[in-house]
Amino acid sequence: MRFALSQLLCLNWAFLLVAMVLMASVSVAEEPVARLLGLPLVFQDDFETGDPASRWEPSDARAWKRIEQGPNAIWSQFQHIETKTPVRSPFNRSVAKDVVVGSCVLDVRLQSTSEDYPHRSLCLFFGYQDPAHMYYVHLGQQADDHANQIFIVNDQPRKKISTKTTEGTPWDKEWHHARVTRDVDSGKIEVFFDDMSEPVMTAVDKTFTWGQVGIGSFDDTGNFDDVLVYGNKVARPEK
């Protein structure tokens, strides 16, 4: 009887230990800081509640959907749709509604869901004013003049403005952390990937001093989560 009771107690402790390990393995998102790099938090979305369509404006809504990935909800650009653009620029884009900023920080978790090829990529948008006027970062697997660069779209096909980049973005099937910082006074742009202490891309450009921010890809697919925007809110100039 004592042996059976001892076995039962051991089993109870074993189940408890397994439960504690499982609970610890489920990551709980920490509350974001109120300010980052001197800028206040003006937008956040972890996609856990509500319809993302009420907060995001896709270039084509058919390419996007909210899905659950384990215990987590994400905003997925699950298919590529070649939307019509006025000039050569990324086809798949989803910008945060009603958030127009000057200097800003865009911080996001992202996961590439495309197969390997040289231009496997995801994009981050900022200074977005309309489909013909924006900046974007192309996080491409292999760098060239059209991949893994910072670009400007100014009423003409996208133009590389990077002053520094890497040989490519090391995509795999895992989640990664990316950040874009933009200072409108100096024109400085920095892009970070996983390591937030050293930028993987830099540029200097003062063309656009305001705009929305967004996520997406040129012609690939990917998932996005925990989007944070820090910045100085500004009014959209009247046309």
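**Loop residues and a negative patch in a strand-rich chain**

Aspartate 194 is partly exposed in this predicted model. Its relative accessible area is 40%. The residue sits in the loop between strand 14 (188-193) and strand 15 (201-204). Its backbone is marked by a positive phi of about 70°, although aspartate 194 is not a glycine.

A positive phi also occurs at leucine 37. Here the angle is about 55°, and leucine 37 is again not a glycine. This residue belongs to the loop between strand 1 (35-36) and strand 2. Leucine 37 has a relative accessible area of 61%, so it is classed as exposed, the cut-off for that class being over 50%.

The chain as a whole was then examined. Its secondary structure comprises 1 helix and 17 strands. The protein chain has 239 residues, of which 46% are buried. Contacts with a separation of 6 or more were also analysed by distance along the sequence. Of these, 66% join residues 24 or more positions apart. The exposed surface of the protein chain amounts to about 12600 Å². Carbon and sulfur atoms contribute 55% of that area.

Serine 59 offers a local example of contacts across the sequence. The residue is placed in the loop between strand 3 and strand 4 (64-69). Its relative accessibility is 29%, and serine 59 therefore counts as partly exposed; that class lies between the 20% limit for buried and the 50% limit for exposed. Neighbours within four places in sequence were set aside. Serine 59 then contacts Thr83, Phe91, Asn92 and Arg93. Threonine 83 is 24 residues away from serine 59 along the chain. The C-alpha atoms of serine 59 and threonine 83 are 7.1 Å apart.

Charge on the surface was considered next. Glu31, Asp46, Glu48 and Glu68 form a negative surface patch. One of its members, glutamate 48, is located in the loop between strand 2 (39-45) and strand 3 (56-58). Glutamate 48 is partly exposed, with a relative accessible area of 31%. Why does a partly exposed residue such as glutamate 48 meet the accessibility requirement for a patch? Patch members need over 30% relative accessible area, and glutamate 48 meets this because its value is 31%.

Notes
Residues numbered from 1 in each chain as written. Predicted model: local features only at pLDDT ≥ 70, side-chain atom pairs only at ≥ 80, totals over all residues. Heavy atoms only, no water. Patch = residues over 30% accessible without salt bridge, like charges linked within 9 Å, V, L, I, M, F, W, Y side chains within 5 Å. Areas by Shrake-Rupley, 256 points an atom, 1.4 Å probe, with all protein chains shown as cover. Salt bridge = Lys/Arg side-chain N within 4 Å of Asp/Glu carboxyl O. Lys, Arg positive; Asp, Glu negative; His and termini not counted. Charge placed at Lys NZ, Arg CZ, Asp CG, Glu CD. Helix = DSSP H or I, 4+ residues; strand = E, 2+ residues; numbered from the N terminus. Buried < 20%, exposed > 50% of the residue type's maximum accessible area, 1.4 Å probe, protein only. Contact = heavy atoms within 4.5 Å.
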